[in-house]
Amino acid sequence: MIERTAHYIGGQWQPSIGTETIPVVNASTEQIMGSIPAGNAEDADIAVRAARAAFESWSTTSPAQRAGYLKLAAEQLQLRQSEIASLVSQEVGMPFAYSNVVQVGLPVQSLVSIADLALSFQFERKVYNSLVVREPVGVVVAITPWNYPLHQIVAKVAPALAAGCTIVLKPSEVAPLNAYILAEVFEAIGLPPGVFNLVTGTGTGVGETLVAHPEVDMVSLTGSTAAGRRIGAVAADTIKRVSLELGGKSPLLVLDDADITAAVSHGLSACYLNSGQTCIALTRMIVPRSKLAEVEAIAKVGADSLVVGDPFDPATALGPLVSSTQRDRVVTYIEQAIADGARLVAGGPTPPEGLETGFFVRPTVFSDVTPDMAIVREEVFGPVLVIQPYDTEAEAITLANDSIFGLNAGVFSGDEQRAISVARRIRAGQVQINDGAFNIHAPFGGYRQSGNGREFGTWGLEEFLETKSLQLP
């Protein structure tokens, strides 16, 4: 049992004023593995005021000093890599081998990347008779999700600190224990008090107080589109800056000159990563109608062959979903799709054999879907793929763009230049060409109801900067 009883505020571990606790559940065993304090509005207020008190001093430190702290943090996280990966595998359910690379490896890389960027970024420049200065936006509230918990925390905290902002973090109460390790790291490296603050609790108990607080200058959220709408509404009262990375229902366009086996195999991997609990999951596979039967056969064999089970078993490809709530939500979508007339190609609503304990869902594939079905239009956030056929390239692009979302997409083709040409016509913030890898140096974010703003690279740093013009004689 990992029992956390305090928040990290002003450089100290302060007992929660809120008297309730929130259990943290192991996704594989359904057993309680720890607990965190359910902070309240007073905890949130104290954290914001600590961040505000630290801002003036931290904002005047040099980029080199800030970069130095980020690199020290990266070194300390790397020393605890196995511990963190194990913790996240229990909290979230991702297989341990993937957790090592993704759940810890990416945050470490991001800290180093942003530190290097802080050293090279042009924080001021002369424009005719003006000196244009980029300054920190102020006190930032970061609200982060449970699916890639530490990765998404660092994606906000690193550039905010590099910009000279101070920050209050509210991690997801579903997978919060890894955030405590980051706080321990910042304490160990001597990050000045109040620069980074951690408050745990629910969205209603802590989150809304943080978002509405008049001393907060910016809110950065990664979460559902519904959460984004609520945060945007609450933040509007004080006209604070809001950066939102929200949901997705991302398409993979398989063009008629593609290697079908390679494309479908890649599509399954891109759909089922982290048991489908990935905002950029390619959950809609759009394929030539003439290849539909072949695609279905490959998808069925691929999905049926994936090993679902214990995240610490090296043979496991898919672990459990994060919670009973998430499992039940995904199963409901599968059952509704069957009732709506979609044809089940693989998987289904029943748990994998022998895995009645734990939040497990079989990797599932549907075909014969229509554009109006919930399984096609809504973000399921589980291991569920739908296959949609097309007759012409123009129709494929129309299907890809027929969504309220626009976070990610993929194009698979035997001709890279053709794939790039098609990718330019897709309304999404990121498009993977064939098996193009995720890049932490490139901008990440969405169009439409997938949010606004960008993370990573120069674009992520600029989210946390204001622009001032000094008019010189």
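In what order do the seven strands of the open sheet run, and what is the pairing? I started my notebook there, working on a predicted model.

**Entry 1: the seven-strand sheet**

I read the strand order as 15-16-17-14-13-18-19, in an open sheet with mixed pairing. At the edges I find strand 15 (343-346) and strand 19, each of which pairs on one side only. From one strand to the next, the twist averages 25°.

I then looked up one pair inside this order. Strand 14 (residues 282-288) and strand 17 (residues 384-390) pair in the parallel sense, and I note five bridges for them. One residue pair for the notebook: Ile286 has Gln388 in strand 17 as its bridge partner.

**Entry 2: helices on the strands**

Which strands does helix 10 lie across? I have helix 10 (residues 292-305) across strand 14, strand 15, strand 16 (364-367) and strand 17. Its run is at about 55° to strand 15.

Helix 11 goes down here too, since I find it lying across strand 15, strand 16 and strand 17. Helix 11 runs at about 25° to strand 16.

**Entry 3: the three-strand sheet**

Next I checked an open sheet of three strands, with the order 6-7-21 and antiparallel pairing. Strand 6 (124-127) and strand 21 (465-471) are its edge strands, each pairing on one side only. On average, and with direction ignored, neighbouring strands of this sheet are turned by 25° against each other.

How many bridges join strand 6 to strand 7? I get four, between strand 6 and strand 7 (residues 130-136), and the two run antiparallel. For a residue to click on, I picked Arg125, which stands opposite Val132 in strand 7.

**Entry 4: helix 4 against helix 5**

At what angle do helix 4 and helix 5 pack? For helix 4 (residues 96-120) and helix 5 (residues 149-163) I note about 10°, with the axes 8 Å apart. Angles under 35 degrees count as roughly parallel, and so I log helix 4 as roughly parallel to helix 5.

I listed the contact residues as well. Helix 4 brings Val102, Gln103, Leu106, Pro107, Ser110, Leu111, Ile114 and Ala118. From helix 5 come Pro149, Leu150, His151, Val154, Ala158, Pro159 and Ala162. Sorted by class, this contact has twelve nonpolar and three polar residues, and no charged ones.

**Entry 5: the largest pocket**

On to the pockets. The largest pocket has a volume of about 1,200 Å³. I count 48 residues in its lining, with Trp146, Ser172, Gly223, Ser224 and Ala227 nearest the centre. Two or more lining residues each come from strand 4 (21-25), helix 7 (203-212), strand 11 (218-222), helix 8 (225-236) and helix 11 (324-340).

Which element gives the largest share of this lining? Helix 8 does, with seven residues. By class I have 22 nonpolar, 16 polar and ten charged residues lining the largest pocket.

**Entry 6: the second largest pocket**

This pocket has a volume of about 800 Å³. Among its 32 lining residues, Val102, Tyr148, Ser269, Ala270 and Leu273 are closest to the centre. I had already noted Val102 in the contact of helix 4 with helix 5.

Helix 4, helix 5, helix 9 (260-272) and strand 19 each give two or more residues to the lining of the second largest pocket. Helix 9 gives the most, with six residues. My class tally for this lining is 19 nonpolar, twelve polar and one charged.

**Entry 7: cavities**

How many cavities of 30 Å³ or more are there? I get three.

The largest cavity holds about 70 Å³ of space. I find 13 residues lining it, and Gly248, Thr283, Glu379, Val380 and Phe381 lie nearest its centre. They split into five nonpolar, six polar and two charged.

For the second largest cavity I have about 60 Å³ of space. Its lining has 14 residues, and the closest to its centre are Lys249, Pro251, Phe405, Gly406 and Asn408. By class I log six nonpolar, four polar and four charged residues in the lining of the second largest cavity.

Notes. Residues numbered from 1 in each chain as written. Predicted model: local features only at pLDDT ≥ 70, side-chain atom pairs only at ≥ 80, totals over all residues. Heavy atoms only, no water. Axes fitted to C-alpha atoms, helices over the stretch in contact; angles between N-to-C directions. Parallel < 35°, antiparallel > 145°, perpendicular 65-115°, else oblique. Contact = heavy atoms within 4.5 Å. Nonpolar A, V, L, I, M, F, W, Y, C, P; charged D, E, K, R; others polar. 1 Å grid on protein atoms, 1.4 Å probe; cavity = no way out; pocket = protein on both sides within 12 Å on 5 of 7 lines; lining within 4 Å. Points joined across faces, edges and corners; volume = space filled by probe spheres on them. Pairing = 2+ DSSP bridges.
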